[in-house]
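Colleague: Could you take me closely through one part of this model, namely its aromatic rings and what they pair with? I would like a connected account rather than a list.

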Amino acid sequence: MRATAAALAMPPLPDYLPPEGSQADEALPLAPQPFPKPPILRLRSVRCGCWLVSYRPAGSPFVAYDGTLRVECHDAGRTASGDLYQRPLLVLQPSPAVPVAGRPLPIVRPPISLLGNPPNPANGIPILPRNRYRFYIRVTALPEHFYFGNTFTLGFQLYRFTAPNSWALDSMLTATMTRMAAPAGFPSSSDYAEGDVKNASGVVVGRFTMGWLSKYFRRASLEIDTVSGSERPLDSGAGHTWATVMDELGWQMNVVLSDTNVAQPSGASWSDAEMHAAMLQRRDAVNLDNEWRYHILAVKNIDSTPRGIMYDVGGTDSNNVPREGVGIASHWIIDPGWGSVSGQRFGTAKAPYFRTAVHELGHAMGQYHNSADFGFLCTSDVIAAGATPVNPFPGNIRWAFHATELKRLRHYPDPFVRPGGVAFGVASQTTPPITPTDLETGIDGLELEVRPLLDEVPIGAPVRIDYRLVNRSTQPIAVPVHLSLKSEAISGSVEDPAGTVRSFRTVVRCVEDDAFRMLAPGEEATESATLMRGAEGALFASPGLHKITLEAHWDANGVVIATHGEASVLVSDVVDAKHGAAAHRVLSTPDAHLVLAIGGDHLAEGMAAIQAALDSPVLRPHFAAIEAKRVGRRFGARKADVKGAADLIDSNTVMSGAEVGKLAAIAAGGTAAVAKDMAKTLKSKARNVPMPADARAALDAL
């Protein structure tokens with residue numbers, strides 16, 4: 001019997017269950033009695049750690065689910081959760097019929113379908129294919145205390161998962177579990193149980209088995225690669241290592257110390273595109289359906305950010321976005337004011353360097369920043385600013401995950417934490433049991449104003465928006481220094497004429513980018529963004545009026561500050577056949593968005609779609625600046641083609657204020673004649689668009 005429920009963004013995590021004491025079995029003798037001696041009754045509990053489970057629905061011979069159940073023991077009680085993946089079918093094809101002379105043709109037998117084998121417990125915590133994920137298990141009841149004998153009651157809810165991120169309560173079930181000897185392969189013969197599963201009406205609907213596997217909750221690998229001269233982030237220098245960090249988390253982590261001579265494509269500093277290409281190359285060597293492998297690439301410097309970068313799978317629907325990969329910069333010189341490590345090269349300052357690597361791994365596991373303490377998910381600059389003379393940085397680092405992250409990383413559904421799973425941070429933003437809405441608040445007088453650069457664009461074109469955060473109050477307000485779409489603070493959605501809402505966020509995320517500044521009364525912070533795709537596909541895929549909602553939110557001492565603004569843009573219909581073909585090419589090619597966001601020469605399909613747009617007179621003005629940024633930046637052995645970038649832009653080119661600044665920086669690397677020519681065009685454009693402060697500075701320097 002299936003429970004009826006609306007679709008959820010996230011199933012609720014399990015509640016604490018009452019304390020159960022020690023996980024060891026204990027013998028409890030009765031009071032002395034005269035001969036004969038009474039039997040010894042066993043006082044038992046469900047062992048902490050990871051259990052291999054299977055669920056076989058009744059009446060479905062070809063359907064079974066396998067997965068894991070995580071049982072956490074702590075002072076407040078117990079918390080248990082799990083995940084189920086559908087077991088594959090084995091289809092056996094019959095031998096081909098061989099005709100024999102003089103005999104009638106034999107009857108052709110149909111293929112035979114058999115249920116596949118469950119995971120082998122001897123292999124430890126199983127890794128199961130992402131596309132076979134079906135249910136999240138929220139445990140609602142385990143034995144309230146120790147239990148006598150061989151049976152206990154297990155209550156649980158099943159939440160069905162539908163990609164990209166929809167959950168619905170499927171059923172509420174109970175099983176009377178009976179302990180018995182474990183089948184071969186399990187590490188403990190006594191920690192195994194089976195039982196019939198009943199629905200709320202008491203009808204048997206299936207069979208559930210569970211066998212203990214490990215003291216850990218989850219299993220993964222971490223590969224660390226470096227360029228020559230960059231340090232591996234292995235420990236804090238004060239006893240904290242990957243083993244100590246992951247053991248406290250309850251994850252069995254295999255650290256793979258891989259290459260130390262990754263080739264630098266074009267020098268010591270890496271562009272976003274070069275980092276992206278390197279991470280894709282590393283990811284392609286691993287099957288994420290067989291192994292949870294995260295990847296850290298240590299390079300000397302990164303063009304776009306001082307300390308590190310990651311790629312957000314929620315920024316687009318392309319398959320070429322490795323959420324499991326992060327890059328850190330070993331040769332960044334630490335800012336003044338960072339205590340005893342000020343002025344040091346980052347890779348030589350063991351404590352903050354290793355802490356940053358753990359912080360970024362937390363992001364790759366789907367977690368957002370958390371400034372509730374100075375733990376791993378807080379940012380280094382916030383921790384450094386919070387130091388005191390008595391406890392200077394980096395001595396004030398808390399070498400642990402906050403309790404909120406501990407619960408998430410132990411009990412979130414697999415898709416939220418495993419590499420190659422759902423969008424970064426989706427669970428952190430949309431889970432009421434974890435982030436209650438009463439912890440999100442607005443600030444009177446703080447407004448986010450949004451307007452499109454053009455009120456109307458042709459179908460297939462990206463939409464450029466300008467936005468500004470304005471303080472209309474009488475008091476200064478602390479706001480993020482960085483408000484571009486690359487920051488964690490900015491995201492949004494687009495509602496099309498049919499009412500379908502699609503989200504957008506950055507593809508390239510600058511890590512540990514949480515600096516704040518005071519926005520004075522009457523002051524504003526200006527930014528711009530170019531929108532084309534999100535996790536659910538093209539944002540402007542049909543003619544008509546589209547509503548854009550931009551959201552700004554950031555953490556302030558455990559409270560989420562939030563504000564939003566709205567604007568609309570009209571998407572016009574196809575003008576001619578060439579425009580229609582080019583628009584279709586762009587709208588149906590996810591990697592076109594990656595070329596916009598990242599650039600580079602390694603995304604052939606995306607580059608071909610952009611070229612088709614450039615060949616259309618209708619779309620060319622909207623894509624010329626995108627292509628100019630790509631060719632005007634180096635990639636691997638190819639040098640920056642500033643002259644090629646200059647030839648692409650003219651008075652008809654559509655560009656935002658941020659794009660003006662980026663092209664000004666590119667122009668500065670060209671010859672004097674090319675720079676002068678580009679400066680004339682860019683300064684003309686700057687008169688008609690809001691200019692972010694860094695873009696204005698780049699243009700003024702040209």
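Modeller: What follows is a walk through the ring pairs and then the charges that sit over rings. Please keep in mind that this is a predicted model. The count of aromatic pairs comes to 21. One of them joins W251 and Y294, whose ring centres are 6.5 Å apart and whose planes meet at 45 degrees, so this pair is classed as tilted, given that only planes under 30 degrees apart would be stacked and those over 60 edge-to-face. Because W251 belongs to strand β15 (residues 251-257) and Y294 to strand β17 (residues 293-299), the pair ties together parts that lie 43 residues apart in sequence. Both partners are hidden from solvent by the cut-off of under 20%: W251 is buried with a relative accessible area of 0%, and Y294 is likewise buried, at 0%. A pair with another geometry is formed by F346 and Y353, where the centres are 5.4 Å apart and the planes stand at 80 degrees, so that the arrangement is edge-to-face; F346 and Y353 are buried as well. Elsewhere, ring pairs connect Y85, Y133, Y136, F161, W167, Y412 and F416 into a cluster.

Turning to charges over rings, the charged end of R47 is placed over the ring of W212, at 3.6 Å from the ring centre, while R307 lies over the face of W332, with 5.1 Å to the centre of that ring.

Key. Residues numbered from 1 in each chain as written. Predicted model: local features only at pLDDT ≥ 70, side-chain atom pairs only at ≥ 80, totals over all residues. Heavy atoms only, no water. Phe/Tyr/Trp six-rings, centres within 6.5 Å; stacked < 30°, edge-to-face > 60°. Helix = DSSP H or I, 4+ residues; strand = E, 2+ residues; numbered from the N terminus. Buried < 20%, exposed > 50% of the residue type's maximum accessible area, 1.4 Å probe, protein only. Lys NZ or Arg CZ within 6 Å of the ring centre and 35° of its normal.
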